[in-house]
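Please take a moment with the sequence and the 3D view before reading on. The paragraphs after them are meant as a guided walk for someone who has not seen this structure before.

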Amino acid sequence: MGWYNKRLAKSIWVFHVSASPCNNCDIEVLDLLTPKYDLERLGIKLVGSVRHADVLLLSGIINQKVAPRVKQLYDQAPKPVFVVGVGTCPSGGSCFNNSYNKVMSREDVIPIDLYIPGCPPKPEAMIEGVAKLLEVLNA
Amino acid sequence: MPDVKSFIDKMGDRITNTVEKPLRLYFEVPAEHVKEVTGYLFNELGCRLSTATATEVYRGIEVLYHFSDDNSGQYYCPRIVMTDKENPTMPSITPIVQGAEWIEREMNEFWGVTFTDHPKPERLLSKDHPENLDKPLRFRRLS
Amino acid sequence: MNVNGTTNTVPVGPFHPLLEEAEYFNIVVDGETIVDIDIDIGWMHRGHEYLSEQRTFTQSIYLVERICGICSTSHPLACVHAIEDIDNIEIPLRARYIRTLVGELERIHSHLLWLGLAGHFIGYDTLWMWSWKYREPILQMFEIISGNRNHYGMMRVGGVAQDVDPDKIPILIDHMDEIAQKMDMIAKAANDDPVLKSRLVGVGVLTHEDAVNYCAVGPTSRASGVPADVRKSEDTDAYSLIDWNVIVLDHGDVYDKLVVRVLETVESIKICKVCLEKLKTVQGPILNNVKEISPGEGIGRYEAPRGEVFHYIRSDGTNRPIRHKVRAPSFVNIPTFAATCKGASLADALITTASVDPCYCCTERSLRVKDTGSNVLDVDLLELSRIKTKVIRREIHGV
């Protein structure tokens with residue numbers, strides 16, 4: 001995979017999966033693409049179809065209704081695909097942890113490779129997270 | 001100032017248990033008069049339906065509509081109490097106020113309140129839900 | 001309407017390139033023309049009710065903040081208004097100005113956000129980049145005021161949590177002047193832009209009658225000639241102390257909704273400047289210490305960027321609400337799609353649905369309730385732990 005990963009690291013295409021978040025991380029992710037932070041200078045681009053994606057940005061606790069669709073999205077993505085959990089929700093459930101509508105086992109739905117905690121994480125933190133991913137891919 | 005007094009006089013004995021607070025008016029309406037009272041509020045007084053709240057109280061299931069008079073900030077809140085906790089039923093006001101469609105569907109889903117004559121009696125939030133959410137907001141009292 | 005005698009259903013979603021959030025549309029089309037639209041929501045439903053069983057009034061303010069990331073001032077503000085309505089709690093003057101300042105800053109950032117996304121939806125990415133670029137100073141101002149870019153945690157029952165540092169006020173005013181200048185530019189550009197006009201004028205018209213029937217709120221209804229604004233009708237915060245105008249337009253198409261939002265942003269900048277000037281002189285406490293909430297019910301509302309946010313709280317005299325109902329503006333605005341999309345072409349459905357600034361996270365927030373009986377979870381846990389203790393004891397002692 002090393003050869004492939006190094007090619008991948010040159011230009012990561014991300015697809016954004018919002019699995020019942022509060023919308024805030026999603027807005028901050030979009031913020032990364034606009035002039036102030038401009039992630040496109042690192043070759044990172046937001047794409048509209050999961051078939052084109054190298055990285056899935058997942059935000060939110062995954063609720064029971066959306067879980068089968070998230071699983072489907074992961075299955076549809078071309079492998080290898082890396083999943084980045086943005087925000088506290090994918091890592092710890094945030095304040096929605098006891099909800100009756102939350103999936104019991106998140107790992108059964110989608111395996112997450114990298115967590116960026118924060119409610120919401122600052123764009124700088126997200127950039128650092130992505131940089132760490134690039135570092136791993138380049139190694 | 002909104003003319004709350006004349007509204008109470010006009011409704012007469014159709015409304016009971018009136019609670020008056022500054023710019024807020026809560027009152028109880030029997031289920032058979034609810035269409036008449038909400039029709040008067042919406043069509044004659046020109047109020048806007050903000051939303052409706054269902055609650056489980058000791059007497060039964062309670063549905064509280066919130067009508068807002070936007071010119072004065074006055075709220076009229078007709079309260080309907082259904083004593084049958086197993087199958088609470090009341091007439092739908094969606095034929096009068098189109099904006100009540102979604103909230104009545106939501107109350108049906110979460111509280112099990114049946115609205116007769118509702119034009120679209122479907123689930124709102126848990127359609128195709130893998131688990132059958134059964135009135136998740138009712139109290140689960142241990143007997 | 002049914003020209004060829006056949007209709008087809010186009011399913012869109014729940015994950016699609018248009019919106020960030022997941023939602024599912026079933027669009028029934030006859031050729032290019034939309035005959036019917038059915039919206040399936042619930043993909044964002046998190047069930048705030050179950051969570052708040054353990055939460056007190058103060059804690060629930062932080063929970064409602066996380067209903068939606070964009071309205072993260074409006075929900076807490078409406079929530080504290082509802083709690084204050086139960087007991088008619090007075091707010092110190094300085095706290096009222098701070099609340100107004102934070103609320104209006106949020107309106108500016110939300111409207112700029114929508115303007116950018118609307119540009120993105122009609123394939124006009126330049127507008128997206130420009131308006132999001134000028135949204136950044138607002139987020140910086142939030143960081144200066146509250147310490148966080150998005151969830152501010154500023155509201156408390158009886159006042160606000162943090163004061164605005166007097167040393168920072170000149171910096172904030174500088175930021176505000178910069179935004180005012182840029183906003184003027186954007187307002188002029190939106191008025192003159194032939195691309196925007198040809199794409200948006202006459203598209204997705206919501207008539208005055210429909211706006212009233214569907215009980216639409218906010219810019220959606222104000223663009224259809226309904227002059228309703230909670231900030232005028234309710235005497236909360238500092239809005240009655242400041243001179244400002246409600247923007248109302250008549251046509252009800254997407255272009256009018258855009259213009260309403262742009263002009264509202266200009267008004268908000270005006271209000272913010274007054275608030276910042278007042279904060280230089282108005283001194284005093286920022287928080288009335290509220291010890292307890294008496295039994296009763298209260299209605300609180302606030303004009304969020306998308307329209308009226310409604311909170312209903314019923315208290316039984318303890319420190320937790322018995323019932324807390326939340327109604328977000330998108331919950332009443334989204335059903336208007338049924339009126340605006342019918343008869344439009346499929347290509348216009350995109351911007352028409354986006355024109356109400358739909359927020360599905362708000363819509364599916366759900367209501368909250370406290371279990372007045374015994375707390376099931378705790379009892380179950382207690383019972384489980386007792387059973388476990390018995391088992392262990394049996395293993396150890398062989399009893």
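What follows goes from a sheet to a pair of helices, then to one residue and to a contact between chains. The model is a predicted one, and that should be kept in mind throughout.

A good place to begin is chain C, where three strands form an open sheet in the order S1-S2-S3, with antiparallel pairing. Strand S1 (8-12) and strand S3 (33-40) of chain C each have a single partner strand and therefore stand at the edges, so that one side of each is left without a neighbour in the sheet. From one strand to the next, the twist averages 20°. Looking at one of these pairings in detail, S1(C) is joined by five bridges to strand S2 (residues 24-30) of chain C, and the two run antiparallel; within S2(C), Phe25(C) is the bridge partner of Val12(C).

Further along chain C come two helices that pack together. Two packed helices are described by the angle between their axes and the distance between the axes. For helix H5 (residues 125-146) and helix H6 (residues 169-192) of chain C, the axes come within 10 Å and cross at roughly 160°. Because angles over 145 degrees count as roughly antiparallel, this crossing makes H5(C) roughly antiparallel to H6(C). The crossing of H5(C) and H6(C) is left-handed. Among the residues that make the contact are Trp130(C), Tyr134(C), Ile138(C) and Met141(C) of H5(C), together with Leu172(C), His175(C), Ile179(C) and Lys182(C) of H6(C). Sorted by class, the contact of H5(C) with H6(C) has ten nonpolar, three polar and two charged residues.

Is Cys362(C), a residue of helix H15 (residues 360-363) of chain C, buried or exposed? Cys362(C) counts as buried, because 29 C-beta neighbours lie inside 10 Å, where 20 or more are required. Leaving aside neighbours within four places in sequence, Cys362(C) is in contact with Ile67(C), Cys68(C), Cys71(C), Ala328(C) and Ser330(C). The C-alpha atoms of Cys362(C) and Ile98(C), by contrast, are separated by 24 Å, and the two residues are 264 residues apart along the chain.

The last step leads from one chain to another, since 33 residues of chain A are in contact with 30 residues of chain C. On the side of chain A that touches chain C, strand S1 (13-18), helix H2 (24-33) and helix H3 (67-76) of chain A each supply at least two residues, and H2(A) gives the most, with six residues. The residues on that side of chain A divide into 14 nonpolar, twelve polar and seven charged.

Note on methods. Residues numbered from 1 in each chain as written. Chains lettered and ligands numbered in written order. Predicted model: local features only at pLDDT ≥ 70, side-chain atom pairs only at ≥ 80, totals over all residues. Buried ≥ 20, exposed ≤ 12 C-beta atoms within 10 Å, placed from the backbone. Contact = placed C-beta atoms within 7 Å. Helix = DSSP H or I, 4+ residues; strand = E, 2+ residues; numbered from the N terminus. Nonpolar A, V, L, I, M, F, W, Y, C, P; charged D, E, K, R; others polar. Axes fitted to C-alpha atoms, helices over the stretch in contact; angles between N-to-C directions. Parallel < 35°, antiparallel > 145°, perpendicular 65-115°, else oblique. Left-handed = near helix turned anticlockwise from the far one by under 90°. Pairing = 2+ DSSP bridges.
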